[in-house]
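Good morning, and thank you for the opportunity to speak. I shall begin with a single residue and then turn to the ligand. Please look at the sequence and the structure as I proceed.

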Amino acid sequence: MAQPPDPDDARPLAPATRAARALGASDEAVGGVVPAIHPSTPYRRDRSGTYPGGHSYARDQSPSFDAPEALLADLEGGAEALLFASGMAAATTVFETLPNGAHVVIPEQMYWTVRGWLAHLESKGRLRVSRWPGTHPARLETLLQPDEPTLVWIETPSNPMTVVTDIAATVEVARRFGARTVADGTLATPALCQPLSLGVDWVMHSATKQLNGHADVLAGALVCATPDAAWEAVRYERGYRGAVLGPFEAWLLLRGMRTLYLRVRASCEGAQRVAEALQDHPALAEVLYPGLPEHPGHAIAARQMQGGFGPLVSLRLREGAAAARALPSRLRCFADASSLGGVESQVEYRAAVEGADSPVPDDLVRLSIGIEDPDDLVDDLRTALDGAA
Ligand code: PLP
């Protein structure tokens, strides 16, 4: 009788397939095709005092985290992932593990709340923070010192200025000085870029955004290339601080991640269309999108991202702050709201959120392109901008 094919000989499944199948996660107990939600917070010991299911208490590790963590680690090409209650919970946990006085190097343009939190830690004397443009990694050399505990934070493309950082070149400089590197991969997601394959130590995500993709879960994640003592410190912090997801949110996140590749592809196509269609609009001073050949980071983004340049397009209004502030209310297909990466397109006048000390110009409007028909989005934006020109 012919032998069934050895599963190890089979062609590896593509990431989109692995995501759609959630790596085969299912409800073994009843044969359910989708995994169950596990609401229990404590888990029983057996007579020997150990935990047969491998879980003790949901603050340390809930069984509801297992499938989404395994899928995210797989898609990032990492060894392990840990879920958190939000992207900020994931990011602040990284900083919490650093020794007092450690040096953190951040890009000038980055997600404003992480930047603000680091300024807060700096003002307390907890960490030393240096800033660099995020471009031209050789410039990092003047900031780094060997023998100083240092973390280099990367965010590419950055929110909302779409600055592109050359991940591999940044890691090369950081490594020479013994610095750890962490990349905020929120805007790219593993569907477009895998920073671990470019040498980064850890990837951080606001899973609230495209990983979940439906604007109905707050979640964050860290993924490591190699578990080491520093990664164990992250796990320790998570278990003690308890900034973790509830089981239903973890289940929704897994459901969202199954369609990640489909949604990211549609959003990238829409964003590219919108950026190209608006590029020469007379009401705009600039369209910021790494998919445009004119974008200063385009060549690097094209090299380190595959299949698109993300959902975020920023517009700078020629008429300045007042015109930018007025734009969101003129749009009918964009929710005027403070997030990105959902199936529905969103718009936001950033200066109103980020405040006066933000490096983001006050004429900037951020768009997050969803999965709608791009023609509708382009028409909507053109109509609103024609009125503003
Ligand atoms: N990083 C980036 C790039 C973000 O855009 C956000 C949120 O918008 C965060 C981190 C923080 O994530 P969360 O809102 O899930 O705490």
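Let us start with Gln306, which has a relative accessible area of 39% and is therefore partly exposed, since that class lies between buried, under 20%, and exposed, over 50%. Please bear in mind that this is a predicted model. Where along the chain does Gln306 lie? Gln306 is in the loop that connects helix 10 (298-304) with strand 9 (312-317). Relative to Glu108, Gln306 is 198 residues away in sequence, and the C-alpha atoms of these two residues are 25 Å apart in space.

I now turn to the ligand. Which residues come nearest to the ligand? There are 13 residues around the ligand, and those that come nearest are Gly87, Met88, Asp184, Ser206 and Thr208. By class, this shell consists of six polar, four nonpolar and three charged residues.

Next, the polar contacts. For Met88, a backbone N or O atom is 2.8 Å from an oxygen atom of the ligand. Ser206 uses its side chain: an N or O atom there lies 2.8 Å from a ligand oxygen atom. In Thr208, a polar side-chain atom is 2.6 Å from an oxygen atom of the ligand. On its own, the ligand has 390 Å² of accessible area, and the protein covers 93% of that area.

Finally, the site itself. The ligand takes up the space of the largest pocket. Two elements, helix 3 (87-96) and strand 6 (202-206), give two or more residues each to the shell around the ligand. Thank you for your attention.

Technical notes. Residues numbered from 1 in each chain as written. Predicted model: local features only at pLDDT ≥ 70, side-chain atom pairs only at ≥ 80, totals over all residues. Heavy atoms only, no water. Near = heavy atom within 4 Å. Polar contact = N/O pair within 3.5 Å; in protein donor to acceptor, adjacent residues only side chain to side chain. Areas by Shrake-Rupley, 256 points an atom, 1.4 Å probe, with all protein chains shown as cover. 1 Å grid on protein atoms, 1.4 Å probe; cavity = no way out; pocket = protein on both sides within 12 Å on 5 of 7 lines; lining within 4 Å. Sits in = over half its atoms within 2 Å of the grid points. Helix = DSSP H or I, 4+ residues; strand = E, 2+ residues; numbered from the N terminus. Nonpolar A, V, L, I, M, F, W, Y, C, P; charged D, E, K, R; others polar. Buried < 20%, exposed > 50% of the residue type's maximum accessible area, 1.4 Å probe, protein only.
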